[in-house]
Amino acid sequence: MTAGRGEFEQLLKDRGLRVTRQRLKVLEAVASCPGEHLTADEIYELVKVDCPEIGHATIYRTVQLLSELHLVDRISFGDGFARYEMGSALERRPGHRHHHLICLKCGRVFPFQDDLLEELEARIADRTGFCVVDHEVKLYGYCAECGGYLIEEKRE
């Protein structure tokens with residue numbers, strides 16, 4: 001789901017936040033790159049085009065706040081960088097977002113949508129009474145360009 005400026009304003013208000021130009025610009029920057037996983041520095045570069053006066057500290061504080069509110073999701077792929085994408089609060093099914101395939105050779109990240117954990121979550125709830133409200137899946141391997149041949153070797 002891609003939200004627009006009016007929806008972003010309403011989401012901020014609904015969470016008791018002031019609607020500021022900086023917050024809107026950060027949300028718009030992340031939303032403008034669907035499927036990408038932006039670092040705070042990459043968000044800064046996008047925002048400073050329209051807000052040249054904005055500083056790095058403002059970006060870091062803003063993404064932290066928006067992450068706490070699930071308006072942006074913070075993700076780590078083990079490369080030393082926190083990355084951000086549109087948050088689970090903006091998805092049609094909060095708590096069940098897309099997952100990630102991470103290539104160990106080239107470092108590219110591929111999102112995928114299949115949520116095969118719903119059955120497992122239901123079994124956990126039935127057996128233990130524990131209600132899973134969120135999960136994150138990261139699968140590490142090799143993309144088709146870097147090691148797709150490994151799939152053929154594995155099948156033999």
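This passage walks through the fold, the buried side of one helix, the salt bridges and a few individual residues of a predicted model.

The overall layout comes first. The chain contains seven helices and six strands, and their order along the sequence reads α-α-β-α-α-β-β-β-β-α-β-α-α. Of the 156 residues, 38% are buried. Among contacts with a separation of 6 or more, 49% involve residues 24 or more positions apart. The exposed area of the chain comes to about 9,700 Å², and 52% of this area is supplied by carbon and sulfur atoms.

Helix α3, which spans residues 40–47, offers a neat view of the interior. Its residues A40, I43, Y44 and V47 are buried. These residues lie on the same side of α3, because the arc they cover around the axis is only 105 degrees. The partners against which the buried residues of α3 pack are helix α2 (21–31), strand β1 (38–39), helix α4 (56–68) and strand β3 (82–86).

Turning to charged pairs, side chains of opposite charge can pair when their charged atoms come close. Seven salt bridges are found in a search of the whole structure. One of them joins D50 and K25, with an N to O distance of 3.3 Å. Since D50 sits in the loop between α3 and α4 while K25 belongs to helix α2, this pair ties together parts that are 25 residues apart in sequence. The two ends of the bridge can also be described by their accessibility: D50 is partly exposed at 43%, whereas K25 is buried, with a relative accessibility of 15%.

A second salt bridge links D79 to R83, and here the closest N and O atoms are 2.7 Å apart. D79 is partly exposed, at 36% relative accessibility, while R83 has a relative accessible area of 16% and is therefore buried, the cut-off being under 20%. A third bridge, between the side chains of E119 and R123, has an N to O distance of 3.8 Å. Both residues belong to helix α5 and are four residues apart, about one turn of the helix. E119 counts as exposed at 56% relative accessibility, and R123 as partly exposed at 39%. Elsewhere, salt bridges with shared partners connect K25, E28 and D50 into one network.

Strand β4, covering residues 99–103, includes H99. With a relative accessibility of 2%, H99 is buried, and its side chain comes to 3.3 Å from the backbone nitrogen of V137. D114 is 15 residues away from H99 in sequence, and the C-alpha atoms of the two are 7.9 Å apart in space. This aspartate, D114, occupies the loop between β5 (109–112) and α5 (118–128) and is exposed, at 52% relative accessibility.

L101 also lies in strand β4, but this leucine is partly exposed, with a relative accessibility of 34%. Together with F110 and L139, L101 makes a nonpolar surface patch of about 230 Å².

One backbone detail rounds off the picture. Most residues other than glycine have a negative phi. H70, although not a glycine, has a positive phi of about 65 degrees. This histidine, H70, is placed in the loop between α4 and β2 (72–76), where H70 is partly exposed with a relative accessible area of 41%.

Definitions and conventions:
Residues are numbered from 1 along each chain as its sequence is written. This is a predicted model: local features need pLDDT of at least 70, side-chain atom pairs count only at pLDDT 80 or more; totals for chains, interfaces and linings use all residues. Side-chain values use heavy atoms; hydrogens and water are left out. Helices (H or I, at least four residues) and strands (E, at least two) are DSSP runs, numbered from the N terminus. Buried means under 20% relative accessible area, exposed over 50%, partly exposed in between (1.4 Å probe, protein chains only). A polar contact is a pair of N or O atoms within 3.5 Å; within protein, one must be able to donate a hydrogen and the other to accept it, and residues adjacent in sequence count only if both atoms are side-chain atoms. Patches are made of residues with over 30% relative accessible area and no salt bridge: like charges are joined within 9 Å, nonpolar side chains (Val, Leu, Ile, Met, Phe, Trp, Tyr) within 5 Å. Accessible areas come from the Shrake-Rupley method with a 1.4 Å probe; for residues, only the protein chains shown count as cover. A salt bridge is a side-chain nitrogen of Lys or Arg within 4 Å of a carboxyl oxygen of Asp or Glu. The arc is that of the directions from the helix axis to the C-beta atoms. Contact means heavy atoms within 4.5 Å.
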